[in-house]
Each structure stands twice: as structure tokens, then as C-alpha cells.
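Hi,

Here is the structure I promised to pass on. Have a look at it first, and my notes follow below.

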Amino acid sequence: MMLTLTNVKISYGDRVILDDLDFTAKIGEIIGVAAPNGTGKTTMFNVIANFVRPDSGKVLFDGKYTYKNEKEELIIHKKLATFPEQKDLFEELSGIDHLKLYANMWNGSTKNVTAIIERLQMGHYVKRKVRTYSLGMRQRLCFAMMMAADTPVMLMDEVMNGLDVDNVALISECLLEMKRDKLIFVASHLLENLDLYADRVIFLKAGKIVHELRFTNDNETYLKLEMNLDEYEKLCKDVTLPEGHIFIAERLLCLPFAGINIAEQTKWIERMLIDNDSEMKIGPLGTVEYYEKYYA
Ligand SMILES: Nc1ncnc2c1ncn2[C@@H]1O[C@H](COP(=O)(O)OP(=O)(O)OP(=O)(O)O)[C@@H](O)[C@H]1O
């Protein structure tokens, strides 16, 4: 399964939300989508699912299916599920009813439902009516419904909303287990959490993908040091910082360590220890750091 967006453009009034967006993804990937509120994450999902028609451009599945007629839409929708919204749950039905509904609609079988309930630790409440559930219980049910649908493509908007730390960890583990035979999109404001399971994170800004962060082993290493603008400006007067250094959100200096030898790296570490007692880290830049770089 491949998904391709080509020149997708959509505006509301004179506001361009997606501006000639091009993007390709395939099975086996989890793609994080990061951007501030109101940027266009949900709109992008709505276009992929054909809930909203773009003004121009195309969404292509497997290199051949588009939303050009009902027959192809049906083929695509058999392979694609979108994360349910809590307000769409049926208050008078039980969790199990919801799981069976999704399992039957997409997967054609309810044989996985018991295992899903166990995996998501929903056994103690899943037989009760939804109207008795807490926010976190509802959210876990929504996720369980996606697992029951078991489609090759999943669009997960705000999947971690309202979950406590343990449940965020549990769902993160499930995402990793599920991704082998799926293409999963996750739009989230839990930025550090995306680092745990995403293969890539795309950052939307002004209708475009401004950055794509890929989690590979050869990501560039940086020396990262907390400092404020005054400290940064003073440092710039004292030394010539290496080419490619980034000062993020007026709080974090990142010096690229790729391509410089150990002796030189050590020299920089020693230099940074002077006049600075804040935490120093060495590693690649994560979702939080790129987010601040682009939106702070
Ligand atoms: N039907 C619509 N009519 C007019 N404007 C819309 C419509 N749907 C979305 N928008 C606007 O498009 C922009 C993008 O909205 P979208 O919901 O895609 O953002 P988002 O990145 O998902 O935000 P959030 O993080 O808050 O979920 C917003 O400014 C929103 O007001």
C-alpha cells in the first residue's frame, strides 16, 4: 500500500490551508504530523479520507485508486479508517458493541476483539454502556476501535488526548506493534511522545511541509545546551560558533558534532562548561526541538 498526495491545495475563503502539498508514504511507517492548532493537520487527514475535497491536486492509493468515482472510493475506504471522535460514540451502547461494529465494518471478523480488550486492559469496563466512561476510558475505546478495524491505512487525530502517562505508554507500544503491516498517521501535540514510535515527523507551516524529521541511526548529532539570548549573544562575541549551529527559541544552542573530530568536540564541550551550569546533552534533534525551531 502506497499513498501519494500530489499538489494538494485547499483554501477556506482567502486562507490557504494546504498549498500544493506533495507527499508519499508506504506500509510499515508511522508518520507523525506536528503543527500548532489550526494549521491544517485535520484538514490534511480529511483530504486523505475524502471527507473534504481539495480545490486541486490528487490523493492516490497504490498508484491507481483515486476518489474519482464511488467504486474507487469504496475500495479506498475498505482500507482506511479514521480515528473516531469521542462525540461520535454511542452513549447507550457498550464498548464491546463499538468494537464489534468497527470489526465487522472493516475487518469482516470479530475474532480479534477479545485480544484487543486484553491488550488495552479494558476488560473491567468494556461491557458497560459508554455513558458511564471517563474521558480516558472513551479514548482507549476509540483506539481499540481502530485496532478492531485493522485497516492498512489509519489516520489518527489526537490519539493521546486525555490519556494519563501509563495509557500514553500503552498506546505507544500498541502503535509500534501495529505498524508492521500498516501506514499510520498520528497528528499529535505530545511532541516527545512522537519520538518514541514515529518513523518520520512532518511539520506543517503555511500550507507546506517545512521540515521532515526522519528517525534513522545516522541522524546528525548535536551538542545541546540551554542558554538565554543574552548568554548566546555574549558567547557569539567571545567565540566563532561552528557552521550550522542553531539557536532554537532563544533557549537552546545546538552545535553540530557531525564531521568534527573527537578532539574538537571535546574542546567545544570544555568551552561550553565555562560560565554555564545548565544541562548539556549530546544527541540528535527531536520533534520538540524542530517544533520550537519552526514555530517559536
Ligand atoms: N469547513 C471549514 N470552513 C472554514 N474554515 C475551516 C473549515 N475547516 C477548517 N477550517 C480552518 O482551517 C484551518 C485548519 O484547521 P485544521 O482543523 O485542519 O487544523 P489542525 O492543524 O488540525 O488544528 P488542531 O491542532 O487545533 O486540531 C483552521 O484555521 C480552521 O479554522
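Helix 9, residues 262-273, was a quick sanity check on this predicted model. With 12 residues at 1.5 Å a residue, helix 9 should span 16 Å, and its end C-alpha atoms sit 17 Å apart, so the two values agree. Is helix 9 tucked away or in the open? The number of buried residues among its 12 is 0, so helix 9 lies largely in the open. For a residue to count as buried here, 20 or more other C-beta atoms have to lie within 10 Å of its own. After helix 9 comes Asp 275, which has a positive phi, near 60 degrees.

Stepping back to the whole protein: it has 10 helices and 13 strands, and its C-alpha atoms fill a box of roughly 65 × 45 × 35 Å along the principal axes. Of the 296 residues, 31% are buried. If you take the contacts between residues at least 6 apart in sequence, 72% of them join residues at least 24 apart.

The domain assignment splits the protein into domain 1 (2-214) and domain 2 (222-295). Their centres, taken over C-alpha atoms, are separated by 36 Å. Where the two meet, 13 residues of domain 1 are in contact with 7 residues of domain 2. On the domain 1 side, the elements giving two or more residues are strand 3 (29-34), helix 7 (191-197), strand 8 (200-205) and strand 9 (208-214). Which of these gives the most? That is helix 7, with 4 residues. By class, this side of domain 1 has 8 nonpolar, 2 polar and 3 charged residues.

On the annotation front, an unreviewed UniProt entry has "domain: ABC transporter" covering residues 3-231. That span is 34% helix and 28% strand, and its end C-alpha atoms lie 46 Å apart.

Last, the ligand. The residues surrounding it are Tyr 12, Ile 17, Ala 35, Asn 37, Gly 38, Thr 39, Gly 40, Lys 41, Thr 42 and Thr 43. Helix 1 (residues 41-48) supplies the largest share of this shell, 3 residues. Sorted by class, the shell comes to 3 nonpolar, 6 polar and 1 charged.

That is what I have for now.

Cheers

Methods
Residues numbered from 1 in each chain as written. Predicted model: local features only at pLDDT ≥ 70, side-chain atom pairs only at ≥ 80, totals over all residues. Domains from an automatic or database assignment. Nonpolar A, V, L, I, M, F, W, Y, C, P; charged D, E, K, R; others polar. Expected span 1.5 Å × (residues − 1). UniProt positions renumbered as here; feature names shortened; annotations may be inferred. Near = placed C-beta within 6 Å.
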